[in-house]
Amino acid sequence: MNIKPLSDRVLIEPTAAEEVTMGGIIIPDSAKEKPLKGKVVAVGHGTKDEEMILKEGDVVLYGKYSGTEIEFEGTKYLMMRQSDVLAIVE
């Protein structure tokens, strides 16, 4: 991975949105529900006030409007602060 988050930020690869069709109607990507779960791909070092709890490979839940969308080498990621992550899925 060539992206290294700074400070208390984490880089998350969202899980794919589920394909749902209703009676032959195809729902466009813009109308699909944004996934709220993803895998941590890279983490920063934390700050002096907040240690980094998350680590690469963790599966996490995050808020619907959390993070900034980034596209790198054809893959979409979310960059967000560790505090925007709601939970770790075990």
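A search of the whole structure, which is a predicted model, turns up 2 salt bridges. In one of them, the side chains of Arg 81 and Asp 8 meet at 2.7 Å, N to O. This pair ties together distant parts of the chain: Arg 81 belongs to strand S7, Asp 8 sits in the segment before S1, and 73 residues separate them. The two partners also differ in how much surface they show. Asp 8 counts as buried because its relative accessible area is 7%, while Arg 81, at 36%, is partly exposed.

The other salt bridge joins the side chains of Asp 58 and Lys 55, with 3.2 Å from N to O. Here again the acidic partner is tucked away: Asp 58 is buried, with 9% relative accessibility. Lys 55, on the other hand, is exposed, with a relative accessible area of 52%. As a general matter, side chains of opposite charge can pair when their charged atoms come close.

Next comes the sheet. Six strands make up an open sheet in the order S6-S7-S1-S4-S5-S8, and the pairing is antiparallel. S6 and strand S8 (85-89) are the edge strands, so each of them pairs on one side only. From one strand to the next, the twist averages 40°. Strands of a sheet in general pair through backbone hydrogen bonds, either parallel or antiparallel.

Going through some of the pairs, S6 and S7 are held in the antiparallel sense over 5 bridges, and one bridge sets Glu 69 against Leu 78 in S7. S1 and S7 also run antiparallel, joined by 4 bridges. S1 and S4 pair the antiparallel way too, over 5 bridges. Val 10 is a handy residue to follow here: it stands opposite Met 80 in S7, and its bridge partner in S4 is Val 43.

Those residues turn up again in the packing. The largest nonpolar core has 11 residues in all: Val 10, Ile 12, Val 40, Val 43, Met 52, Leu 54, Val 60, Tyr 62, Leu 78, Met 80 and Val 85. At least two residues of this core come from each of S1, strand S4 (37-43), strand S5 (59-62) and S7. Apart from it lies another core, of 6 residues, including Ile 3, Ala 42, Tyr 77 and Met 79. In a regular strand, as a general point, the side chains alternate between the two faces of the sheet.

What does Val 43 touch, leaving out residues up to four places away in sequence? The list runs to Lys 4, Pro 5, Arg 9, Val 10, Met 52, Leu 54, Lys 55 and Glu 56. Among these contacts, Lys 55 is also the salt-bridge partner of Asp 58.

Finally, a word on the backbone. Most residues other than glycine have a negative phi. Ser 7 has a phi near 60°, a positive value in a residue other than glycine. Ser 7 lies in the segment before strand S1 (9-14) and is partly exposed, with a relative accessible area of 30%. Glu 73 likewise has a positive phi, near 55°. The place of Glu 73 is the loop between strand S6 (68-72) and strand S7 (75-81). Buried or exposed, which is Glu 73? Glu 73 is exposed, because its relative accessible area is 66%.

Conventions. Residues are numbered from 1 along each chain as its sequence is written. This is a predicted model: local features need pLDDT of at least 70, side-chain atom pairs count only at pLDDT 80 or more; totals for chains, interfaces and linings use all residues. Side-chain values use heavy atoms; hydrogens and water are left out. Buried means under 20% relative accessible area, exposed over 50%, partly exposed in between (1.4 Å probe, protein chains only). A nonpolar core is a set of buried Ala, Val, Leu, Ile, Met, Phe, Trp, Tyr and Cys residues joined through side-chain atoms within 4.5 Å. Contact means heavy atoms within 4.5 Å. Two strands pair if DSSP finds at least two bridges between them. Axes are lines fitted to C-alpha atoms, for helices over the stretch in contact, and angles run from 0 to 180 degrees between N-to-C directions. A salt bridge is a side-chain nitrogen of Lys or Arg within 4 Å of a carboxyl oxygen of Asp or Glu.
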